[in-house]
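Colleague: This one is new to me, and I'd like a close look at a single part of it rather than a quick tour. Please pick a spot, explain your terms as you go, and show me how that spot connects to what surrounds it.

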Amino acid sequence: MTVTEETAPASHYARIGGASSVKAAVELFYDKVLADPDLAGYFTSVDMAGQRRHLALMLTVVLGGPNEYTGRGLAEAHQPLNIPVEHYAKVGVHLTATLTELGVPADILADVQTVLGQVQDQVVASGNRSGV
């Protein structure tokens, strides 16, 4: 091991436990989302095994893990769904609650929330954005 490897900070992905922790977060997150009557309808015709895989890959990238995501971009996947900002916010609440429940440190939660803010316009329907 080199000095750089010894002193380099661990990625958020490594800090939370890697792939197994991301998978646990995705499972718990979708349990919450699918139990939410405002959000469940978005997933009625969705292959949830595939959806879980996609989110796990995307969350891995957000957390600084290996980038193996090859699916559609956020805008391409979400704009046709006409998602209002209120529903996007609820998804964020469920994700934050999930990560908190799993003991994710506050600094990682803050970084995930920052990313949620950065990608909101790619997910929320054009006519439903706040502040626009």
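Modeller: Here is a walk that starts at helix α4 and follows the contacts outward from there.

First, the ground rules. This is a predicted model, so local features need pLDDT of at least 70 and side-chain atom pairs count only at pLDDT 80 or more, while totals for chains, interfaces and linings use all residues. Residues are numbered from 1 along each chain as its sequence is written, and side-chain values use heavy atoms, with hydrogens and water left out.

The chain has seven helices and zero strands. Helices here are DSSP runs (H or I, at least four residues; strands would be E, at least two), numbered from the N terminus. Of the chain's 132 residues, 33% are buried, where buried means under 20% relative accessible area, exposed means over 50%, and partly exposed is in between (1.4 Å probe, protein chains only).

Now to α4, which covers residues 48-62. Its 15 residues reach 20 Å from first C-alpha to last, close to the 21 Å expected; that expected span is 1.5 Å times one less than the number of residues. Its buried residues are Met 48, Gly 50, Arg 52, Ala 56, Leu 59 and Thr 60. What covers them includes α2 (12-16) and α3 (19-34).

Let's look at how α3 sits on α4. Their axes come within 9 Å and cross at roughly 125°, which means that α3 is oblique to α4. The axes are lines fitted to C-alpha atoms, for helices over the stretch in contact, with angles from 0 to 180 degrees between N-to-C directions. Under 35 degrees counts as roughly parallel, over 145 as roughly antiparallel, 65 to 115 as roughly perpendicular, and the rest as oblique. The crossing is right-handed: the near helix is turned clockwise from the far one by less than a right angle, whereas anticlockwise would be left-handed.

On the α3 side, the residues that meet α4 include Val 22, Val 26, Tyr 30 and Leu 34, and on the α4 side they include Met 48, Arg 52, Leu 55 and Leu 59. The residues of this contact divide into 10 nonpolar, two polar and three charged. Ala, Val, Leu, Ile, Met, Phe, Trp, Tyr, Cys and Pro count as nonpolar, Asp, Glu, Lys and Arg as charged, and the others, Gly among them, as polar.

Arg 52 deserves a pause. At 17% relative accessibility, Arg 52 counts as buried. Setting aside neighbours within four places in sequence, Arg 52 is in contact (heavy atoms within 4.5 Å) with Val 26, Glu 27, Tyr 30, Asp 31 and Leu 34.

Next, stay on α3 but move to Lys 32. At 22% relative accessibility, Lys 32 counts as partly exposed. Not counting residues up to four places away in sequence, Lys 32 touches His 94, Ala 97, Thr 98 and Glu 101. Lys 32 and His 94 are 62 residues apart in sequence, yet 6.4 Å apart in space, C-alpha to C-alpha. For the whole chain, among contacts between residues at least 6 apart in sequence, 73% join residues at least 24 apart.

That brings us to α6 (residues 85-101), whose axis comes within 11 Å of the axis of α7 (residues 106-123), crossing at roughly 160°. So α6 is roughly antiparallel to α7. Among the residues making the contact are Tyr 88 and Leu 95 of α6, and Leu 109 and Leu 116 of α7. The residues of this contact split into nine nonpolar, five polar and no charged.
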